[in-house]
Amino acid sequence: MADMREIGRIRNGMSGGEKADRWTRQALSTDEGWALARRLARRILVVESGEWRKALPEPPVIR
């Protein structure tokens with residue numbers, strides 16, 4: 001649960017109109033906040049599903 005809360009905290013810290021640049025297509029692949037959220041999500045998947053060896057899909061861009 002700690003990793004899930006951390007992902008939520010990261011997302012909340014990246015939200016808001018003044019941070020819209022963190023939600024661009026390029027930012028999804030270069031922003032450190034997104035990289036950290038992906039690392040935490042992978043860790044959750046390993047705990048819940050066992051070893052995770054597949055690459056995660058590209059995140060969709062919602063406009």
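I take helices (H or I, at least four residues) and strands (E, at least two) as DSSP runs, numbered from the N terminus. The model is predicted, so I accept local features only at pLDDT of at least 70 and side-chain atom pairs only at pLDDT 80 or more, while totals for chains, interfaces and linings use all residues. Residues are numbered from 1 along each chain as its sequence is written, and side-chain values use heavy atoms, with hydrogens and water left out.

**Entry 1: the chain**

I looked up the secondary structure and found 3 helices and 0 strands in the protein chain. The pattern read along the sequence is α-α-α. I noted that the C-alpha trace spans about 40 × 25 × 20 Å along its principal axes. For burial I use relative accessible area: buried is under 20%, exposed is over 50%, and partly exposed is in between (1.4 Å probe, protein chains only). Of the 63 residues in the chain, 21% are buried. Contact means heavy atoms within 4.5 Å. Among contacts with a separation of 6 or more, 41% are between residues 24 or more positions apart.

**Entry 2: helix H3**

I compared the length of H3 with expectation, which is 1.5 Å times one less than the number of residues. The 18 residues of H3 should span 26 Å, and the end C-alpha atoms are 25 Å apart, so the two agree. Which residues of H3 are buried? I list Gly33, Trp34, Ala35, Ala37, Leu40 and Ile44. These buried residues pack against H1 and helix H2 (25-30). After H3 comes glycine 50, with a positive phi near 90°.

**Entry 3: aspartate 31**

I found aspartate 31 in the loop between H2 and H3. Its relative accessibility is 15%, so aspartate 31 counts as buried. Neighbours within four places in sequence aside, aspartate 31 is in contact with Met14 and Arg22. At the start of H3, a side-chain oxygen of aspartate 31 comes to within 2.8 Å of the backbone nitrogen of glycine 33.

**Entry 4: arginine 39**

Arginine 39 lies in helix H3. I asked whether arginine 39 is buried or partly exposed; at 46% relative accessibility it counts as partly exposed. A polar contact is a pair of N or O atoms within 3.5 Å; within protein, one must be able to donate a hydrogen and the other to accept it, and residues adjacent in sequence count only if both atoms are side-chain atoms. One such contact, of 2.9 Å, joins the side chains of arginine 39 and glutamate 32. I also checked arginine 39 against aspartate 3: they are 36 residues apart in sequence and 9.7 Å apart in space, C-alpha to C-alpha.

**Entry 5: isoleucine 62**

I located isoleucine 62 in the segment after H3. Isoleucine 62 is exposed, with a relative accessible area of 77%. Its C-alpha atom is separated by 27 Å from that of valine 46, and the two residues are 16 apart along the chain.

**Entry 6: the largest pocket**

A pocket is an open set of points on a 1 Å grid over the protein atoms alone, where a 1.4 Å probe fits, with protein on both sides within 12 Å along at least five of seven lines; lining residues have an atom within 4 Å of a point. Grid points are joined across faces, edges and corners, and a volume is the space filled by probe spheres set on the points. I read a volume of about 440 Å³ for the largest pocket. Its lining has 16 residues, with Trp23, Leu28, Trp34, Ala37 and Pro59 nearest the centre. Helix H1 (2-13) and helix H3 (32-49) each supply at least two lining residues. The largest share, 4 residues, comes from H3. By class (Ala, Val, Leu, Ile, Met, Phe, Trp, Tyr, Cys and Pro nonpolar; Asp, Glu, Lys and Arg charged; the others, Gly among them, polar), the lining divides into 14 nonpolar, no polar and 2 charged residues.
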